[in-house]
There are 2 protein chains.
Amino acid sequence: MALKKQNTHHKKKVALIGCGLIGQSWAVTFLSSGWSVSLFDPVEGIVETAKEKIMANLSNLQNHGLVEDCTVLKSLDRIHLSQSLSEAVKECTYIQESGPEDLDIKKEITHKIDKVTPVNIPIASSTSGIPTSAYAANIPGNYRCVVAHPINPPHLIPAVEIVPAPFTKETIKETVKEIILSIGKEPLELKKETPGFVVNRLQGALLKEAFNLIKNNISSAEDIDKAISHGLGLRWSFMGPFQTIHLNAPEGIKGYVERYGTMYSEMFQGSDASWSELVEDGLDAELLKLYSLDEYGKHEEQRNKKLIQLLIHKIQSEKSD
Amino acid sequence: MALKKQNTHHKKKVALIGCGLIGQSWAVTFLSSGWSVSLFDPVEGIVETAKEKIMANLSNLQNHGLVEDCTVLKSLDRIHLSQSLSEAVKECTYIQESGPEDLDIKKEITHKIDKVTPVNIPIASSTSGIPTSAYAANIPGNYRCVVAHPINPPHLIPAVEIVPAPFTKETIKETVKEIILSIGKEPLELKKETPGFVVNRLQGALLKEAFNLIKNNISSAEDIDKAISHGLGLRWSFMGPFQTIHLNAPEGIKGYVERYGTMYSEMFQGSDASWSELVEDGLDAELLKLYSLDEYGKHEEQRNKKLIQLLIHKIQSEKSD
C-alpha cells in the first residue's frame, strides 16, 4: 500500500514501450521506487510529452507526501527518452509494453521487442484483455512473455494482475511478481488465463447486474451508484468480498453460506457454482488460514475503526472539494 | 454523508422494535440526529443491554468528532426503555422494526405493531430480504408498511434501501425517505420489489463471479479479495459502477459500452441484458444529466485528487493499526 519506497533499486532499469496514459503511470511508479526508466513510443513526439506529464505527476505525489522529497529531482536523471526500440531495451532488466489494445499490433510489437531484448529478460504487457497465448504463442521468446495488467490510474491503484500463458516460464512469472512487489504494488497472481482476467470479470459481473436492474426498472442508475459509493464500496475499499462475508458470521464463510446461500442462489438464474460445495472443498480452510476467527470481536472492532476513519476521511475530502 | 446533524428533530420520536445489532445501530443514528427513541424487544433484558451498547457507540462517535459534543449527554434523556409494544409506539412518528429474518415472525410482529400504532404512522422493516408484499399483504394497515433496509453496520454505512410494496401508499414512502434523509442517511429508492433488493443483488453478482473464479481455479480467494481492496474498491468508495465507466471514456457510457461491451458480453454466458440497447433507451441521457461531460478533464482530476486523498487516508489508517 505504501507509495513511499526506499531507493533500493537504483541500479535497475525498465523499458516502457508505449507512452500513453498507462505507460506514463508505470513511469511514475518505477521512478518513485528509484528505478531508471527508458521510454519509447513509435509515434514521434510522444516521449517528450510523456516526460512532462510524468514529472508533473511525480511532483503532485511529492507535494502530497506520497513519495520521497527528492523524487522529482532524482527522477530527472533517471528518465531516458529513446529513439528506437533497441536503444530503449539496452541494459534493462524488465520490459513493460503498454501499446494499443489490438491483437495484430500486440503480436507485432512483442515480436519486435523479443528480437532486440537479451534472453531471460521478462516482457510484460499492460493489456486489459488480450491473453499472452493469443499474441505471443508464435514468437521465439514466448517463454518470457506474461501479462502485468494495472488498473486505471495505475500510479494510484495498487493492484496489478499477473497472468501467465501455459508457455510462460515459472521463473519469469516469479521475477515479474517480485518486481511488481518491489515497486510498492500488489500483485494478483492468476493461475491460468481467462477472458477479462480477474479484475474485469469482477467489475463485469457487478456491471451486468447493474444493467439488469436498469433493464427490469428496479432502480435508477443514480441510486445503483449510491448503493456502491455510500454502501458496499466503503467496506470494499479495505476488505475484499470473501473477507467481508467471512467476517460477517461468527462461523466464518461456512456459516454465512449456510445462512445466505439460498437467498443468493434464488436471486439469479443460471448460477453455475455451488457455494456450499466450494466451501467444503477448501475455501473455508483457506479463509480460516488467512483470517483467523479466534478473535471474532476484534475483527469487528477493527472493521468499525476503519470505517470510522474512512468516514472522517470522506467528510474531510468533501469539505475540500 | 455528514454524520453531524443539527438537532432539528428534538420533538420527533421513533419506536425501535427489536434491539439486536441492527436496532442498536438505528438508535445510534436517530439519537445522533436529535430524535428521541423508544426501545422494545420481546426478549427480557435485551433493551437494558442494548442501551449500554448504544451509549458506548455514541461515545465512540463523539470521541471521533462524528457527532456533536453533547450527543451522549443529551441522548441519556432521549432513550426510553419500553415494557410493551403499545408503550413503545406511544407518541412516535415513525416505527422501525428490526426483528429476526423469519417470514412468520415478521408477519406476526408487523400485525401486532399495526394494531397498536395510530393510523398513517409509517411502519418500516429492516429486513434484508423479505419483501413487504410477503409479510404485510393481509394486515389492515398494509398501506403504511415498507422496507427500510440498512447495511451492516448501519450507524456507519450511509445507504438505506427504501422498498415499497405495490400496496404501500406513495405518501408513506415519501415520508420514510424524508426521515432517512433527515437522519443523515442516503435513501436508495426502489421502484418495485425484487429478490435481494438492489444492494444484495449487486453484492451477490460480485460474489457469484468470485465463487466461479474459485471453482474454475483461476485465482486464490486472497488475490480475489485484493482485486477489490487494492483495486476496484478504492474507486467504489466514492463513485458507483455507472459513474466509473461513464467517466472512463471521453464520450461517457455510450463510448465505454461501444468499446468494451463486446469484451464484457463475451466474459459471461447467459447475459440477459443488451447494454447498447439500454444506453440508447435512456441510460445515456440519465447519466449525462447526472454527470455532465462538459469538463471531462476536470472529472478525471477530481477522481485522481480523491484517490490521492484516499491513499493518504489508507496509509494513515494502516499506521495506526
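Helices (H or I, at least four residues) and strands (E, at least two) are DSSP runs, numbered from the N terminus. The exercises below use these element names and concern a predicted model.

**Exercise 1. Locate A:Pro153 and B:Pro153 among the strands of their chains, and state the form of the peptide bond that precedes each.**

Solution. Step 1: in chain A, strand S6 covers 145–150 and strand S7 covers 159–164, and A:Pro153 is found in the loop between them. Step 2: the peptide bond from A:Asn152 to A:Pro153 is cis, with omega near -10°. Step 3: in chain B, the loop between S6 and S7 holds B:Pro153. The bond that joins B:Asn152 to B:Pro153 is cis, with omega near -10°. Step 4: as background, most peptide bonds are trans.

**Exercise 2. Determine whether strand S6 of chain B is enclosed or open, and identify the strands with which it pairs.**

Solution. Step 1: a residue counts as buried if 20 or more other C-beta atoms lie within 10 Å of its own. Step 2: six of the six residues of S6(B), residues 145–150, are buried, so the strand is largely enclosed by the rest of the structure. Step 3: in a regular strand the side chains alternate between the two faces of the sheet. In S6(B), one side carries B:Cys145, B:Val147 and B:His149, the other B:Val146, B:Ala148 and B:Pro150, and all are buried, so that both faces are covered. Step 4: S5(B), residues 123–125, pairs with S6(B) in the parallel sense over three bridges. Within this pairing, B:Ile123 has B:Cys145 as its bridge partner. Step 5: S7(B), residues 159–164, pairs with S6(B) in the antiparallel sense over five bridges. Here B:Val160 is the bridge partner of B:Pro150.

**Exercise 3. Establish how chains A and B are related and which elements of chain B touch chain A.**

Solution. Step 1: a turn of 180° and a shift of 0.0 Å along the axis lay chain B on chain A with an RMSD of 0.1 Å. Step 2: that is the relation of a two-fold axis. Step 3: both copies use the same surface, as 99% of the contact residues of chain B recur in chain A. Step 4: chain B gives 94 residues to the contact and chain A gives 93 residues. Step 5: elements that each supply at least two residues of the side of chain B include strand S8 (186–189), helix H8 (199–215) and helix H13 (296–319). H8(B) provides the largest share, 16 residues. Step 6: the side of chain B that touches chain A consists of 52 nonpolar, 24 polar and 18 charged residues.

**Exercise 4. Describe the packing of H8(A) against H8(B).**

Solution. Step 1: two packed helices are described by the angle between their axes and the distance between the axes. Step 2: for H8(A) and H8(B) the angle is about 145°, and the axes are 8 Å apart. Step 3: the crossing is right-handed. Step 4: among the contact residues are A:Leu202, A:Ala205 and A:Leu206 of H8(A), together with B:Leu202, B:Ala205 and B:Leu206 of H8(B). Step 5: the contact comprises 10 nonpolar, no polar and six charged residues.

**Exercise 5. State where B:Glu91 lies and whether it is buried or exposed.**

Solution. Step 1: B:Glu91 lies in the loop between helix H4 (85–89) and strand S4 (94–97) of chain B. Step 2: phi of B:Glu91 is near 60°, a positive value in a residue other than glycine. Step 3: B:Glu91 is exposed, with 12 other C-beta atoms within 10 Å.

Technical notes: Residues are numbered from 1 along each chain as its sequence is written. Chains are lettered from A and ligands numbered from 1 in the order in which they are written. This is a predicted model: local features need pLDDT of at least 70, side-chain atom pairs count only at pLDDT 80 or more; totals for chains, interfaces and linings use all residues. Copies are superposed by least squares on the C-alpha atoms of residues with pLDDT of at least 70 in both. Two residues are in contact if their C-beta atoms, placed from the backbone, lie within 7 Å. Ala, Val, Leu, Ile, Met, Phe, Trp, Tyr, Cys and Pro count as nonpolar, Asp, Glu, Lys and Arg as charged, and the others, Gly among them, as polar. Two strands pair if DSSP finds at least two bridges between them. Axes are lines fitted to C-alpha atoms, for helices over the stretch in contact, and angles run from 0 to 180 degrees between N-to-C directions. A crossing is left-handed if the near helix is turned anticlockwise from the far one by less than a right angle, and right-handed if clockwise.
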